[in-house]
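Please open the model in a viewer and keep the sequence panel visible. The tour proceeds by selection, one stop at a time.

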Amino acid sequence: GAAGFVLVHFANNSANGSISATWDGVAMTQVGSSFNYDTVSGYSYYLALFQILSPASGAQTVAVSPAASSYVSANSISYTGVNGLGTAVTNSGTSASPSVPSVTSTTGDMVIAVFADTANSWALAAGSGMTSRYSTASGNFADSFLIEDVAGSSLVSMTATNTVGSVSWGGIALDRLQVES
């Protein structure tokens, strides 16, 4: 099987964290969120992760729709060989070392994590042993975000490094991205 994921990082001045996402016009399921992890200049910052199992293959349109006027940054990633998904684990804070600790997994699985912060630079780097799949600054508003993954084991801590120092961040990890053998 296959699975598609969309990371959405957005900010608005209405404190409305509602948002939806579609993959080729099909509604995606929101599997995790770090709502209002920071407020800067009257804007509330949100991070959301959406997934879809068995999405349409090939190039597809991914769309996100916030309920309130917002600055939005989004990116998608897809995996093949997926036969199930676990429960999302979230964390947020203010530091130079974002993390989502204690993600339960098993050998042979894959754990995916997304992080976003309020640093307006390419500030987020994958943690030690993690593979960076996407890392950028949005340019739309003060943020950067990262998608990373790592092979599963009994207990995984997903980590990142903020190269500009201590800033507010949100993180979401999917505790099992089971990969068929």
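Leaving aside its neighbours within four places in sequence, with which residues is Asp 149 in contact? Select Asp 149 in this predicted model, and display the residues in contact with Asp 149: Tyr 79, Met 110, Val 111, Ile 112, Met 130, Thr 131, Arg 133 and Met 158.

**Stop 1: Asp 149**

Asp 149 belongs to strand β14, which covers residues 144-151. Is Asp 149 buried or exposed? Its relative accessibility is 1%, and because buried means under 20%, Asp 149 counts as buried. Show the side chains next. That of Asp 149 makes a polar contact of 2.5 Å with the side chain of Tyr 79. A polar contact of 2.9 Å links the side chain of Asp 149 to that of Arg 133. Then turn to Met 110: 39 residues separate Met 110 from Asp 149 in sequence, whereas their C-alpha atoms are 6.8 Å apart in space.

**Stop 2: the whole chain**

Now select the protein chain and switch to a cartoon. The secondary structure consists of zero helices and 16 strands. Of the 181 residues, 45% count as buried. What share of the contacts between residues at least 6 apart in sequence join residues at least 24 apart? The share is 77%. With a surface display, the protein chain exposes about 7,500 Å², of which carbon and sulfur atoms supply 47%.

**Stop 3: strand β1 and its partners**

Select residues 2-12, strand β1, where 10 of the 11 residues are buried. Add residues 71-80, strand β7, which runs antiparallel to β1 and is joined to β1 by 10 bridges. Within this pairing, Gly 4 stands opposite Ser 78 of β7. Next add residues 43-53, strand β5, which pairs with β1 in the antiparallel sense, also over 10 bridges. Here Ala 11 faces Tyr 45 of β5 as its opposite residue.

**Stop 4: the sheet β3-β2-β6**

Continue with an open sheet of three strands in the order β3-β2-β6, with antiparallel pairing. Which strands stand at the edges of this sheet? They are β3 (26-27) and β6 (62-66); each has a single partner strand, so one side of each is left without a neighbour in the sheet. Select residues 19-23, strand β2, together with β6: the two pair in the antiparallel sense over five bridges. Trp 23 has Val 62 in β6 as its bridge partner.

**Stop 5: the sheet β10-β15-β12**

Another open sheet has three strands in the order β10-β15-β12, and the pairing is antiparallel. Its edge strands, β10 (99-104) and β12 (124-126), each pair on one side only. View the sheet along its strands to follow the twist, which averages 25° from one strand to the next. Then select β10 with strand β15 (residues 155-162), and find the four bridges of their antiparallel pairing. Thr 104 and Leu 155 of β15 stand opposite each other. To examine such pairings, display the backbone atoms, because strands of a sheet pair through backbone hydrogen bonds.

**Stop 6: Ser 168**

Finally, select Ser 168 in strand β16, residues 167-179. Ser 168 has a relative accessible area of 10% and is therefore buried. Which side chain shares a polar contact with that of Ser 168? Adding Thr 94 to the selection shows the partner: the two side chains are joined by a polar contact of 3.2 Å.

Note on methods: Residues are numbered from 1 along each chain as its sequence is written. This is a predicted model: local features need pLDDT of at least 70, side-chain atom pairs count only at pLDDT 80 or more; totals for chains, interfaces and linings use all residues. Side-chain values use heavy atoms; hydrogens and water are left out. Two strands pair if DSSP finds at least two bridges between them. Axes are lines fitted to C-alpha atoms, for helices over the stretch in contact, and angles run from 0 to 180 degrees between N-to-C directions. Buried means under 20% relative accessible area, exposed over 50%, partly exposed in between (1.4 Å probe, protein chains only). Contact means heavy atoms within 4.5 Å. Accessible areas come from the Shrake-Rupley method with a 1.4 Å probe; for residues, only the protein chains shown count as cover. A polar contact is a pair of N or O atoms within 3.5 Å; within protein, one must be able to donate a hydrogen and the other to accept it, and residues adjacent in sequence count only if both atoms are side-chain atoms.
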